[in-house]
Amino acid sequence: MERFIFYILAVILIVSAIASVSSKKMLRSVIYLLFTLCGIAGIYFLIDYNFLAAIQLTVYAGGIIVLIIFSVVLIHHIEMELEVAKLSKKIIVGLACAIGLGVFLTTIYSHQFNVVENYNSVTTEQIGLKLLSYEDGGFILPFEVISVLLLAAMIGAIVIAKGKKMEDGRPKSEVLNEDK
Amino acid sequence: MILSINIVENDIFNMLLIAAIYLGIFSVAGLFLVLLERKVAAWFQLRLGPNRVGPWGLLQTMADALKLVSKELTGTIKADKFLYNLAPYFVIISSLMALAVFPFTQEFQAFDINIGIFFLIAISSIGVIGILLGGWASNNKFALIGAMRSGVQTISYELSVGLSLVTMVLLTGTLQLSEIIEVQKSGWLIVQGHIPAIIAFMIYMIAGTAETNRAPFDMVEAESELGAGFHTEYSGMKFAYFFLAEFINMFIIAAIGTTVFFGGWLSPFGITESIPWLGIFWFLGKTFALVFLMMWFRWTFPRLRVDQLLTLEWKYLLPLNLLNIVLMALIVWLGLTIQI
C-alpha cells in the first residue's frame, strides 16, 4: 500500500516537474511547480513527518507559489507564450542536468541506507524545544540570526516601498495612497 | 490525496466509504447553509425569504442545485482552458480536505493528525490559489481585479487568523484538535484565557470573515463594481463549486472557532457528559451560532474599501495580535488562567 502510494507520488512529481520546465505558458509552469511541491508534501506525509509536510504546504505551496502567481499575473498576458530556447542553450542545459543527475545518483548508490527500527514521529513540542535550546545541538543561534535577517529584509522592503521624499510638488497623501 | 496517505492502516474500502459519507453530508450541509443565509437575510430585511419550494422553502436550495447541475457549462474562447477548468476544483478540494480533521464528537473524527490546527492553516492557504487562477484564466478584467483583491486580502488576513489561533495554542500546549478539547474539560478556553482569549476571539472572527471573502470584506466579488468578481465567467456546476466552497469555508471558520474557543463537543457545565453522542448537537449548535454571527456581520456592515481593509489588518489587528500573544504568554507563565 505505502509502496503503491509512493509510486503514484513519484509519477506525479516527475511528470509535473518535466511539465513545469517544458510548458510554454508561464502560469501553467507555476501550477505544475505547485503540483511538484504538493507531491513533496505528500511524501513527507507518507513518512509520517506531518510537521514538515504542513510547513511545505504553508511556506512553499501557500506562500511562495502565491507570490510567484502574483508577479506572473501582474506582468503576463494570457495570450503571451514563452520563446523556445536556442538549440545550443538546450544542449548546455541538458548537459548540466545530466551532470547533476549523475552526481545525485552516484551519491545515492554509493551509500548504504539502513531501515530504521521503531521510528517515532517527531512532535511539534520537540521541534520547538530544540529550536530554542542553547545547549549542545540547540538551534537558538541560527534561529536568532535568521530572525535578524528577516527583520533586515522587512526594513529593506519598507524603505523601497516608501520611495523618495516629496519634492515634485504633489501632496504627501497622494503619494501615500499610491503606495498602498 | 494527502489525507488518504496517512490512514494507510485502514483498508481502501473504509477510506472510500468515509470520504463518500463526508462528501454527501457536507455538500447537503452547504446547500442548507445557503438556505440559512437567505432566510437570515430575509429576516434582517423584514421580508419572507424563500417559502415556495417545500415547507418553509426548505427544498429551495436543493432545487437550485438541480438547476445548476443541469445547466450548460459556458466559457470564453480566449480563456486558458486548462487553468480555467482546474480552478474550481482547487477551491472545493482544499475546503473539503479541512473538514476531515474536526472532532464532531469524541469518536466521530475522520483524521486525528497531531498538527491539527497547523494543518488547517496550511490547507486554507492553498484555496486562494484557485481563486487567483480562476480570475486570471478567465481572461476578463473584472475577474482579474477580483482575483488580485482576493489574493491581497487572504494573504493579509491569514496572518491574523494564524496568530490568534497561536495565542490559544499557548493555553493548550498542543496542536492536536482532540487534545485541545480534552484540555477544555476544565473550562472552555475563552473562559480559561479570559481577557486575551476574548481579544483573540474577536480578532479571529474579524479575520475569519475576511478570509472567507464575505461582506463586509467582499471586495473580491463586489457586485456594484466588478460584476461577480473572480467567477464572472463561470457557469453551471463550476460556479456552484465556488459558491459551495464559500459556504463550506464559512462552516470551517466557525468550526475552528468552536473547537478552539468554545470547547467543541463539550456541553456547558458538563450537563450531558453521560450521553457522549449528544456531543454532535453541541458542536453543531455552537458552530451554527458562530455562522449566524458571520451572517449578522454580512447584513449589518457596509463594504470596506481596499485601503481601509489593509489598514485594518496591518495597522490595527496585527500589532494588537502580537501584543495579545505576549499578554497571553505572561498569563500562562504566571498561572493566572481560570480553571473551573
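Start by selecting A:N120, which sits in the loop of chain A that runs between α4 (87-110) and α5 (124-132). Keep in mind as you click around that this is a predicted model. Is A:N120 buried or exposed? It counts as exposed, because just 8 other C-beta atoms lie within 10 Å, and the cut-off for that class is 12 or fewer. Now add A:D48 to the selection: 72 residues separate A:N120 and A:D48 along the chain, yet their C-alpha atoms are 9.0 Å apart.

**Stop 2: the annotated spans of chain A**

Stay with chain A and colour residues 6-23, 30-47, 53-75, 87-109 and 139-161, which UniProt lists under "transmembrane region" in an unreviewed entry. Two of these make good viewing. Residues 30-47 of chain A are 94% helix and 0% strand, with 26 Å between the end C-alpha atoms. Residues 87-109 of chain A are 100% helix and 0% strand, and there the end C-alpha atoms lie 32 Å apart.

**Stop 3: where the two chains meet**

Next, show both chains and look at the contact between them. How many residues of chain B are in contact with chain A? There are 30, and they meet 29 residues of chain A. On the chain B side, select α1 (2-6), α4 (81-99), α5 (116-137), α6 (141-172) and α13 (306-334), each of which supplies at least two residues. Then highlight α5(B), the source of the largest share, with eleven residues. If you colour this side of chain B by residue class, you will find 22 nonpolar residues, five polar and three charged.

**Stop 4: the annotated spans of chain B**

Move on to chain B alone. Here the unreviewed UniProt entry places "transmembrane region" at residues 12-36, 86-105, 117-137, 157-175, 187-207, 239-263, 275-296 and 316-336. Select residues 12-36 of chain B and you have a span that is 100% helix and 0% strand, its end C-alpha atoms 36 Å apart. For residues 187-207 of chain B the figures are 86% helix, 0% strand and 25 Å between the end C-alpha atoms.

**Stop 5: a loop residue with a positive phi**

Zoom in on B:L46, in the loop between α2 (12-44) and α3 of chain B. Most residues other than glycine have a negative phi. Against that background, look at the backbone here: phi of B:L46 is near 55°, a positive value in a residue other than glycine. B:L46 is exposed, with 6 other C-beta atoms within 10 Å.

**Stop 6: another positive phi, in another setting**

Now jump to B:N213, in the loop between α9 (194-211) and α10 (223-226) of chain B. B:N213 is not a glycine either, and its phi is positive, at about 60°. Is B:N213 buried or exposed? B:N213 counts as buried, because it has 24 C-beta neighbours inside 10 Å, where 20 or more are needed. To see some of the surroundings, select B:S150, B:Q153, B:D218, B:V220, B:E221 and B:E246, which B:N213 touches when residues up to four places away in sequence are left out. For a sense of scale, pick B:V166: B:V166 and B:N213 are 47 residues apart in sequence and 22 Å apart in space, C-alpha to C-alpha.

**Stop 7: helix α11 of chain B**

Select residues 236-261 of chain B, which form helix α11. The helix has 26 residues and reaches 38 Å from its first C-alpha to its last, close to the 38 Å expected. Why call it largely enclosed by the rest of the structure? Because 23 of its 26 residues are buried. Just past α11(B) comes B:G263, with a positive phi near 75°.

Inside α11(B), click on B:A254. B:A254 is buried, with 24 other C-beta atoms within 10 Å. Beyond its neighbours within four places in sequence, B:A254 is in contact with B:T287, B:L290, B:V291 and B:M294.

**Last stop: α3 against α11**

Finally, bring in helix α3 (residues 60-70) of chain B, which packs with α11(B) at about 135°, the axes 6 Å apart. That angle makes α3(B) oblique to α11(B). Show side chains for B:A65, B:L68 and B:V69 of α3(B), along with B:G236, B:M237, B:F239 and B:A240 of α11(B), since these residues make the contact. By class, the contact has six nonpolar residues, one polar and no charged ones. To finish, draw a line from B:A65 to B:A254: their C-alpha atoms are separated by 24 Å, and these positions lie 189 residues apart along the chain.

Conventions. Residues are numbered from 1 along each chain as its sequence is written. Chains are lettered from A and ligands numbered from 1 in the order in which they are written. This is a predicted model: local features need pLDDT of at least 70, side-chain atom pairs count only at pLDDT 80 or more; totals for chains, interfaces and linings use all residues. UniProt positions are given in the numbering used here, feature names are shortened, and annotations may be inferred rather than shown by experiment. Helices (H or I, at least four residues) and strands (E, at least two) are DSSP runs, numbered from the N terminus. The expected span of a helix is 1.5 Å times one less than its number of residues. Axes are lines fitted to C-alpha atoms, for helices over the stretch in contact, and angles run from 0 to 180 degrees between N-to-C directions. Angles under 35 degrees count as roughly parallel, over 145 as roughly antiparallel, 65 to 115 as roughly perpendicular and the rest as oblique. Two residues are in contact if their C-beta atoms, placed from the backbone, lie within 7 Å. Ala, Val, Leu, Ile, Met, Phe, Trp, Tyr, Cys and Pro count as nonpolar, Asp, Glu, Lys and Arg as charged, and the others, Gly among them, as polar.
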